[in-house]
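Trainee: I am new to this structure and would like to learn how its labels are earned. Could you take me through it?

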Amino acid sequence: MDKLIEAIKATQNPSVVGLDPTDQVVPAALIDSFREEVADQVDDPAEIPAMQRAVAYFEFNRAIIDAIAGIVPAVKPQIAMYEALGPAGVDTYEMTCEYAQSQGLYVLGDVKRGDIGSTAAAYAKHLGGLAANNGEALDLWHEDAVTVNPYLGTDGITPFVDAAQAADKDMFVLVRTSNPSSKEIQELELADGTRLYERVADLVEGWGADTIGASGYSRVGAVVGATHPEQGKQLRERMPHTFFLVPGYGAQGGTAADVAGMFDEQGSGAIVNSSRGIIGAWRKNGGYSDGMSADDMLGLVASSARDAALAMRDDLEAALA
Ligand SMILES: O=c1ccn([C@@H]2O[C@H](COP(=O)(O)O)[C@@H](O)[C@H]2O)c(=O)[nH]1
């Protein structure tokens, strides 16, 4: 996690902007503005809706990345939003990751993978890349970290840890997720009174034990939702070498006060995500007006995202003071 922690120090901002483009947050008129351009390129007109979104989502992301680079350390593209568009969307995901890295941002790919060992080894190529003809690893996805589902246990995790170690990258394992139904499974009580998420937390500390860096944190981080402030605080003590990715701030109701206990005594140890709250902030600024050009719409999206990212930074800073 040392690279991420350095990036947080450089920006003085422990927050990550989620790049989750959907029809709810990307202006409809921006998507429409690419219709003619893509119509000339597709063989089958049925492909136009996916293609025009793939193009619009990339331009949307690029405008946001340009606006927030230098004030936030990281972005978290959510692959589901891109896969929803098929292969063109997956291209947009990869192009977004590559562009964000080129602008100096740490890229946390929210891919939530998990499977038996042999399949996990293939998923772990997200981090480790593919052996190229010259013997070097080809970085296909341009991610600095990915999210991983621990449900399959150690053999589903080890390939990611090995790939992260070899490629100097990181991973974040789901421990206590932010969604309302998460307690159905994660709070189940085990025979010794431990909750299931606490058992997963102990496993995560163990999985990272051989990868602790100069910062004192391992390459194996944990996802802990902002919507569980008390449990998050207890997990901070239980997992002294595990860096937290904290989603659920903003749109899901989590506040800066809720996440404060998930940081360590030095104000490190966690990074807080907001997706819709930042990339959809333009909707709160009056939206766009009829006849606005695509460039003006992107300008509105970008300046609103930047203002929202700065407000989030200040909100966290005040809560951590
Ligand atoms: O426990 C979890 C794990 C992942 N997420 C992801 O984070 C973002 C949150 O988006 P908001 O718009 O800020 O609510 C999204 O990509 C989720 O899939 C999470 O929310 N909770």
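Mentor: Gladly! UniProt, in an unreviewed entry, places the feature "domain: Orotidine 5'-phosphate decarboxylase" at residues 14-291. Keep in mind that this is a predicted model. In that model the span 14-291 is 41% helix and 16% strand, and its end C-alpha atoms lie 38 Å apart.

Trainee: Let's start with one residue, then. Why is Ser-274 called buried?

Mentor: Ser-274 has a relative accessible area of 2%. Buried means under 20%, so Ser-274 earns the word with its 2%. You will find Ser-274 in strand 10.

Trainee: Which residues is Ser-274 in contact with, leaving aside its neighbours within four places in sequence?

Mentor: Those are Val-16, Val-17, Gly-18, Tyr-249 and Met-312. To count as a contact, heavy atoms have to be within 4.5 Å.

Trainee: And what makes Lys-112 partly exposed?

Mentor: Its relative accessible area is 39%. Partly exposed lies between the 20% limit for buried and the 50% limit for exposed, so Lys-112, at 39%, belongs in that class. Lys-112 lies in strand 3, and the UniProt annotation "active site", again from an unreviewed entry, covers Lys-112.

Trainee: How do you know that the side chains of Lys-112 and Asp-110 make a polar contact?

Mentor: The distance given for that pair is 2.9 Å. A polar contact needs N or O atoms within 3.5 Å, one able to donate a hydrogen and the other to accept it, so the 2.9 Å pair passes the distance test. Setting aside residues up to four places away in sequence, Lys-112 also touches Gln-78, Thr-147, Val-148, Asn-149 and Leu-174.

Trainee: Gln-78 caught my eye there. How far is an N or O atom in the side chain of Gln-78 from an oxygen atom of the ligand?

Mentor: That distance is 2.9 Å. For Asp-20, a polar side-chain atom lies 2.6 Å from an oxygen atom of the ligand. In Ser-178, a side-chain N or O atom is 2.6 Å from a nitrogen atom of the ligand. The protein buries 87% of the 470 Å² that the ligand exposes when taken alone.

Trainee: Which residues come nearest to the ligand?

Mentor: Of the 15 around the ligand, they are Asp-20, Ser-178, Gln-252, Ser-275 and Arg-276. The shell divides into three nonpolar, seven polar and five charged residues. Strand 3 (106-113) and strand 10 (270-274) each supply at least two residues of that shell.

Notes:
Residues are numbered from 1 along each chain as its sequence is written. This is a predicted model: local features need pLDDT of at least 70, side-chain atom pairs count only at pLDDT 80 or more; totals for chains, interfaces and linings use all residues. Side-chain values use heavy atoms; hydrogens and water are left out. A residue is near a molecule or strand if one of its heavy atoms lies within 4 Å of it. Accessible areas come from the Shrake-Rupley method with a 1.4 Å probe; for residues, only the protein chains shown count as cover. Helices (H or I, at least four residues) and strands (E, at least two) are DSSP runs, numbered from the N terminus. Ala, Val, Leu, Ile, Met, Phe, Trp, Tyr, Cys and Pro count as nonpolar, Asp, Glu, Lys and Arg as charged, and the others, Gly among them, as polar. UniProt positions are given in the numbering used here, feature names are shortened, and annotations may be inferred rather than shown by experiment. Buried means under 20% relative accessible area, exposed over 50%, partly exposed in between (1.4 Å probe, protein chains only).
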